[in-house]
Amino acid sequence: MICIGDVSVFSTVCQIADVLKEMGCQTCLVPGISSYSAIAARMGISLTEGSRPFHVLPVSDVDLEQALSLGGTKVLMKAGSKMPAVLDLLKERDLMSVSSLAVSCGCPDEKIMERLDKESDLSPEDSYMSTVIVRDRNL
């Protein structure tokens, strides 16, 4: 079975593999490249260094204000319909210049906006597969 990204990060592959195992099928999970790692590589940036923290957060299941208060780099995934609220809070906290947005990373329609404080025709509503990276100001 093929999936987008890594089989162990926000993926239903493990659940499906369990069902297949119960049916007597043999499965093997092969790690992939997580979307946030691919995005960082495309932009040529480091997500974390040394002892700096690094957080991967599903926007749909966290307190966004609290999440943005965490030290280090934050990767905000699964924003979906909450993307306007994410952008409003990034503006309010003056984080747009250290935030990036990627849509459909690794797909033919991939779009990456390296700084959210710059003008762009990229709309966060373009895709369910939108990821925001809020970089640590110390990197």
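The exercises below work through a predicted model of one protein.

**Exercise 1. Describe the overall build of the protein: how many helices and strands are there, and in what order do they run?**

Step 1. Count the elements. The protein has 4 helices and 5 strands.

Step 2. Read them from the N terminus. The order is α-α-β-α-β-α-β-β-β.

Step 3. Add the dimensions. The C-alpha trace spans about 55 × 35 × 30 Å along its principal axes.

Step 4. Add the surface. The accessible surface comes to about 8200 Å², and carbon and sulfur atoms account for 51% of it.

Step 5. Check the burial. Of the 139 residues, 37% are buried.

**Exercise 2. Find which residues of helix 2 are buried, and what covers them.**

Step 1. Locate the helix. Helix 2 covers residues 35-43.

Step 2. Pick out the buried positions. They are Tyr-36, Ala-38, Ile-39, Ala-40 and Met-43.

Step 3. Recall the helix geometry. An α-helix has 3.6 residues a turn, so residues three or four places apart point the same way.

Step 4. Look for the cover. It includes strand 1 (54-58), strand 2 (73-77), strand 3 (99-103), strand 4 (111-113) and strand 5 (130-134).

Step 5. Look just past the helix end. There Gly-44 has a positive phi of about 70°.

**Exercise 3. Decide whether Asp-136 is buried or exposed, and name what it touches.**

Step 1. Place the residue. Asp-136 sits in the segment after strand 5.

Step 2. Apply the cut-off. Buried means under 20% relative accessible area. Asp-136 has 7% relative accessibility, so it counts as buried.

Step 3. List its contacts. Setting aside residues up to four places away in sequence, Asp-136 touches Arg-52, Gly-72 and Thr-73.

Step 4. Look at the side chains. Those of Asp-136 and Arg-52 make a polar contact at 2.5 Å.

**Exercise 4. Map the largest nonpolar core: which residues touch the most other members, and which element gives the most?**

Step 1. Start with the members. The core holds 21 residues, and Leu-68, Leu-76, Val-86, Leu-90, Val-132 and Val-134 touch the most other members.

Step 2. Find the sources. Helix 3 (64-69), helix 4 (83-92), strand 3 and strand 5 each give two or more residues to this core.

Step 3. Rank them. Helix 4 gives the most, with 5 residues.

Step 4. Zoom in on Val-132. Leaving aside neighbours within four places in sequence, Val-132 contacts Lys-74, Val-75, Leu-76, Met-83, Val-86, Leu-90, Ser-100 and Leu-101.

Step 5. Look beyond this core. Another core of 11 residues lies apart from it, with Ala-38, Leu-47, Met-77 and Ile-133 among them.

Conventions:
Residues numbered from 1 in each chain as written. Predicted model: local features only at pLDDT ≥ 70, side-chain atom pairs only at ≥ 80, totals over all residues. Heavy atoms only, no water. Buried < 20%, exposed > 50% of the residue type's maximum accessible area, 1.4 Å probe, protein only. Contact = heavy atoms within 4.5 Å. Polar contact = N/O pair within 3.5 Å; in protein donor to acceptor, adjacent residues only side chain to side chain. Areas by Shrake-Rupley, 256 points an atom, 1.4 Å probe, with all protein chains shown as cover. Core = buried A, V, L, I, M, F, W, Y, C linked by side-chain atoms within 4.5 Å.
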